[in-house]
Amino acid sequence: NRIVASVCYSKEQKQSSLLYPYLKEQQLERFEANIDGLCQIKRVEIMGGLNFGFGSTDYSSKEVSDTLPSSSYPKRQQLFADWYDEYMTSPILGCNLGVRVNLPKGFYIEPSAKYYHGFNLKVIPQNNRVEALLKVGCRW
């Protein structure tokens, strides 16, 4: 039986340019806190956990040269970028639950599920996410 807590902070800095001399810069920060537990009863392991995360992003644009090309700036896939930013920066509360059944000769079966709820979503159409997983494996 054990309980594990973790805290994670990540910072991404990106630069992109679809057309010289225009440059877009993005800084994205994310914070996550997790607590997970495991309880073993004979051949069965019960796992569960809670997590919370949030973040922020900042964009800036600039020109790196005075010489302007004759064409106009191309369109971005703005919806995809907005989804990614919102997914990474919105407050998210989640939980997970799983059961591992240890079989003879090191084999196991492990069904598990995760549920996430996003808060203050404006671009992503659904604020609830569910993930179900079935693992079949072998411990060496």
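On the surface of this predicted model, five residues come together as a nonpolar patch: L103, F107, I109, L134 and V136. Together they offer about 470 Å² of accessible area. If you want to find the patch in the structure, look at two strands, β5 (107–118) and β6 (128–138), since each of them supplies at least two of its residues.

V136 is a good member of the patch to look at on its own. V136 sits in strand β6, and its relative accessible area is 64%. Is V136 buried or exposed? The cut-off for exposed is over 50%, so V136, at 64%, counts as exposed.

Now step back and take in the whole protein chain. It has one helix and six strands. Starting from the N terminus, these elements follow the order β-β-β-α-β-β-β. The chain has 140 residues, and 22% of them count as buried. Its accessible surface comes to about 10100 Å², and carbon and sulfur atoms account for 60% of that. How do parts of the chain that lie apart in sequence meet? Among the contacts between residues at least 6 apart in sequence, 64% join residues at least 24 apart.

How far can you trust the picture? The mean pLDDT of the protein chain is 88, and 87% of the residues reach 70 or more. Confidence is highest in strand β4 (residues 92–102), with a mean of 97, and lowest in helix α1 (residues 78–89), with a mean of 85. As a general caution, predicted coordinates should not be read in detail where pLDDT is low.

Strand β4 is a good place to go next. β4 and β5 run antiparallel, and nine bridges join them. To see one place where the two strands face each other, find G94, which stands opposite Y116 in β5. The two strands form a hairpin with four residues between them.

One residue of that hairpin deserves a pause. K105 lies in the loop between β4 and β5, and its phi is positive, about 65°, although K105 is not a glycine. Most residues other than glycine have a negative phi. What is the relative accessibility of K105? The value is 77%, and K105 therefore counts as exposed, the cut-off being over 50%.

Follow the chain onward through β5, and you come to another loop with a residue of this kind. N120 is found in the loop between β5 and β6. The phi of N120 is near 60°, again a positive value in a residue other than glycine. N120 has a relative accessibility of 60%, so this residue counts as exposed as well.

For a last stop, go back towards the start of the chain. S17 is found in the loop between β1 (2–16) and β2 (22–41). Is S17 exposed or only partly exposed? Its relative accessibility is 43%, which lies between the limits of 20% and 50%, so S17 counts as partly exposed. Leaving aside residues up to four places away in sequence, S17 touches Y22 and L23. S17 can also be compared with S61: the two are 44 residues apart in sequence, while their C-alpha atoms are 9.8 Å apart in space.

Conventions. Residues are numbered from 1 along each chain as its sequence is written. This is a predicted model: local features need pLDDT of at least 70, side-chain atom pairs count only at pLDDT 80 or more; totals for chains, interfaces and linings use all residues. Side-chain values use heavy atoms; hydrogens and water are left out. Patches are made of residues with over 30% relative accessible area and no salt bridge: like charges are joined within 9 Å, nonpolar side chains (Val, Leu, Ile, Met, Phe, Trp, Tyr) within 5 Å. Accessible areas come from the Shrake-Rupley method with a 1.4 Å probe; for residues, only the protein chains shown count as cover. A salt bridge is a side-chain nitrogen of Lys or Arg within 4 Å of a carboxyl oxygen of Asp or Glu. Buried means under 20% relative accessible area, exposed over 50%, partly exposed in between (1.4 Å probe, protein chains only). Contact means heavy atoms within 4.5 Å. pLDDT is the predictor's confidence in each residue, from 0 to 100. Two strands pair if DSSP finds at least two bridges between them.
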